[in-house]
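Please open the structure in your viewer and keep the selection tool handy. We will go from stop to stop, picking something and looking at what is there.

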Amino acid sequence: MLRPWKLEFEIDKTLDKAVYLQIADTIIADIRSGRLKAGDALPGSRNLAGALKINRNTVVEAYQVLINEEWVIPKERKGIFVSDQLPDLSPTLHHRSPSHENQLPKSEGALINFDDGHPDSKIAPVTELARAYRQIFNIKAKWQMMGYGDEHGHLEFRKMISQMLNHQRGMHIHENGISITRGSQMAMFMVAQCLLKPGDQVIVEDPGYQPAWHAFEYAGATLLPVSVDHEGMDTDAIEKLLIRHSNVKAIYSTPHRQYPTTVTLSLARRIQLIELCNQYHVTLIEDDYDNEFHFGYRPILPVSSFPELNNYVYIGTLSKVVAPALRIGYLATKNQDLLEKIGSLRKIIDVQGDVIMEQAVLQLIREGAVKKHIKKATSYYKNKRDFVYQLLEKHLKPVADFNIPEGGLAFWIVPKSKLDWDTVTASLLEKNIRIIHPKQYSSNHEVNGFRLSYGSLSEEQLEHSIKVMSEVFGQFS
């Protein structure tokens, strides 16, 4: 007999948050609190829809979110149950003791550049942003516009960022825990300077994001690489490093869509990562560089959204949403001592951010222009992703492995044979195709894979390039 689950919440249709997400997050909260335990059955979609007086499809969508995020599992002809492999979510967690530089192409024709996953600037809401910028500049009195502001950014803009993080990404952050920066790399640099000192150690994903590594090393820290597999960062390897090394100050991770492989950190590993950070008093630096464009029900919630996590810095950006050239990033943390240090450093290097631009973007958000653009862009990029997947299936499948990503603007391509990437990248460049050399993803070993970014390229460029890649990979396999 199925154990009944007592319904103790109501739908608030006045919220911006979609109803199916309200249902999903309430069930997640009940799993976290222990009201729902491993193996417990959820109500049937018809029964729950009837109790809430909503359309059954809304409940089905909520359950799909829970399945995608691994909180529950469907059992054929039986129902949906809380995952029986669910980790311990109680507040008292377990305790356990010489570079090859690309040259200019030799043949004629325009260079096709596979960047790091940039959006298509042609669909950016540049006109709306320019209009908002002019309006803000004209409306505000000169004495308001030309004076210095808060080193952490415009207060109303920070409030909007905190609202977005809390409502859409499940976080619990106040505007006074947010600092606006000129892009996510500036946020990374300031965190490194204010959190780390010479002799500290930082655990990083390998393959991973070298610009972040450089920021940590510039602060005097030593990197401890950890491998990545189909479940994301290897948390068992993290534990071994924490046991062996006493100076680990932080763990840097891209858990949503790991850079560069695009894999998502599994729920079990997320919980283990939280447990390890808490046990060893380590700060999680979570880089959510690729959150906005998601093609499923919703992006996986940040690790920083888990209330069990004690110390974190969450880093994000608005560059991909509003305009590629727009340098507005942000960091969020509950560590006020760290935030004060970051504010002091900001005053030294930049005094403050671009207050006018912050207010212009804020206006676009309030008008709904950003929401409208994200909806339009998500559909645009999903269609382009599907187009690229068809090309890969047609041309690259015999020589390379790949999975279809649930979001973002890039595929991770792994050739079936180990390639000499110096030769491959040079050969592609001869044909006017530039990819990022896999050496850019690792410091101590060669990675046999590369990011195929599709956001900023046309369908014609993509089709031509993938055909050429198939020929080159086949030639050197």
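A residue counts as buried under 20% relative accessible area, as exposed over 50%, and as partly exposed in between. G199 has a relative accessibility of 44%, so G199 is partly exposed. Keep in mind along the way that this is a predicted model.

**Stop 1: G199**

Select G199 and you will be in the loop between helix 7 (184-195) and strand 5 (201-206). Now add A221, which is 22 residues away along the chain; the C-alpha atoms of G199 and A221 are separated by 5.6 Å. Leaving aside residues up to four places away in sequence, G199 touches G220 and N247.

**Stop 2: helix 7**

Step back to helix 7, the helix before that loop. Which residues of helix 7 are buried? Colour M186, A187, M188, M190, V191, A192, C194 and L195 to see them. If you like a quick check with the distance tool, the 12 residues of helix 7 should span 16 Å at 1.5 Å a residue, and the end C-alpha atoms are 16 Å apart, which agrees.

**Stop 3: the eight-stranded sheet**

Next, show the strands that helix 7 lies across: strand 4, strand 8 (248-253), strand 9, strand 10 and strand 11. Helix 7 runs at about 160° to strand 10. These strands belong to an open sheet of eight, in the order 4-11-10-9-8-5-6-7, with mixed pairing. At its edges, strand 4 (178-181) and strand 7 (232-233) each pair on one side only.

Zoom in on the strand 4 edge. Strand 4 pairs with strand 11 (residues 329-332) in the antiparallel sense, over four bridges. To find one of the bridge pairs, select T181 and its partner in strand 11, G329.

Then bring up helix 9 (residues 235-244), which lies across strand 5, strand 6 (222-229), strand 7 and strand 8. Helix 9 runs at about 155° to strand 6.

**Stop 4: N291**

Now select N291, in the loop between strand 9 (283-287) and strand 10 (312-317). Is N291 buried or exposed? Its relative accessible area is 6%, so N291 is buried.

Show side chains here. The N291 side chain makes a polar contact of 2.9 Å with the side chain of D288, and another polar contact, of 3.4 Å, joins the side chains of N291 and R169. Beyond four places in sequence, N291 touches R169, H256, R257, P299 and Y314.

**Stop 5: the three-stranded sheet**

Move on to an open sheet of three strands, in the order 12-13-15, with antiparallel pairing. Strand 12 (400-401) and strand 15 (450-453) are at the edges with a single partner strand each, so one side of each has no neighbour in the sheet. Strand 13 (residues 410-415) and strand 15 are joined by four bridges. Select I413 and you will find F450 of strand 15 opposite.

Add helix 16 (residues 459-476), which lies across strand 13 and strand 15 and runs at about 155° to strand 15.

**Stop 6: a hairpin**

Finish with strand 1 (residues 72-75) and strand 2 (residues 79-82), which run antiparallel and are joined by four bridges. P74 has I80 as its bridge partner in strand 2. Three residues lie between the strands of this hairpin, where R77 takes a positive phi near 60°.

Definitions and conventions:
Residues numbered from 1 in each chain as written. Predicted model: local features only at pLDDT ≥ 70, side-chain atom pairs only at ≥ 80, totals over all residues. Heavy atoms only, no water. Pairing = 2+ DSSP bridges. Helix = DSSP H or I, 4+ residues; strand = E, 2+ residues; numbered from the N terminus. Contact = heavy atoms within 4.5 Å. Axes fitted to C-alpha atoms, helices over the stretch in contact; angles between N-to-C directions. Buried < 20%, exposed > 50% of the residue type's maximum accessible area, 1.4 Å probe, protein only. Polar contact = N/O pair within 3.5 Å; in protein donor to acceptor, adjacent residues only side chain to side chain. Expected span 1.5 Å × (residues − 1).
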